[in-house]
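The following paragraphs lead through the fold of this protein chain, from a single pair of residues to the arrangement of domains.

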Amino acid sequence: MKKPSYIFFDLDDTLLDHKKAEKAALMETKSSFPFLNSISNEKLTDVYHKINKSLWHEYNHGRIDKHTLQSLRFANTLRELNLPVSVSTEVSEVYMNCYEKYWEWVEGASEVFDELASNYQVGILTNGFAETQAKKFHKFGLDKKVSHYVVSEEVGYLKPHPFIFDYATKLTGRAKDEIMYVGDSYNSDIEGGSSFGWQTAWFTKTNSVQNNPANLVFSDFKRLAEYLL
Ligand SMILES: [Mg+2]
């Protein structure tokens, strides 16, 4: 396999630690509302994740829009916990403010990203909401380093749909097999990217899929640098 000439990166849980920020934001939100004290941290996290995941599934299939997703994820969480649903908008606003505060790089990603960005053309390809993702993009100075930034809400298709990989490919003017995608989601990034015809590098701590199509599986960004530099 020849080396790629262009590298697209996923954003959440590849370059930026979304899960850690989400967890810290949930805990700070919990401590901001005394009525949430009766619920354990684990219970709140579990219920929120379950509901958020099922709403994202509905959103991915075009059955609900983003406003419904954003308003229902706390309303449904509170309902399931037998807590007052009437304050869900307020809870949601506090959560979003907290979430932004806890954004940070995944360990080791910043240095390797910079190194790769000075040796390759690089881009970002992310599922997510345009407004939130754009804030991350600017906060971490990615706008100064990437040549293309693709966010699903603006394209109208989410990974792993081939449309968004095709859209990103056309932006670069490269052949499919000259592009590598670096991502953490097996389904969206690795299966999606590989079946479209991109090279893929899977960032995973567990490597839970045997015979996966990724060109590289790595758990430490230093390994990605070794492979590409
Ligand atoms: Mg991700």
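Which residue in β6 is the bridge partner of Trp-202? The partner is Val-217. The model is a predicted one, in which local features need pLDDT of at least 70 and side-chain atom pairs count only at pLDDT 80 or more, while totals for chains, interfaces and linings use all residues. Residue numbers start from 1 along each chain as its sequence is written.

Strand β5 (residues 199-203) runs parallel to β6, and three bridges join the two. Strands here are DSSP runs (E, at least two residues), as are helices (H or I, at least four), and both are numbered from the N terminus; two strands pair if DSSP finds at least two bridges between them. An open sheet of six strands, with parallel pairing, follows the order β3-β2-β1-β4-β5-β6. Because β3 (148-151) and β6 (216-218) stand at the edges with a single partner strand each, one side of each is left without a neighbour in the sheet. On average, neighbouring strands of this sheet are turned by 20° against each other, direction ignored.

Helix α10 (residues 221-228) packs on this sheet and touches β4 (179-183), β5 and β6; its direction makes about 150° with that of β6. Such angles run from 0 to 180 degrees between N-to-C directions, with axes fitted as lines to C-alpha atoms, for helices over the stretch in contact. Contact requires C-beta atoms, placed from the backbone, to lie within 7 Å.

At the level of the chain, the domain assignment gives domain 1 (6-17 + 105-228) and domain 2 (18-101), with bounds taken from an automatic or database assignment. The centres of the two domains, taken over C-alpha atoms, are 27 Å apart. Eight residues from domain 1 and seven residues from domain 2 form the contact.

Key: Contact = placed C-beta atoms within 7 Å.
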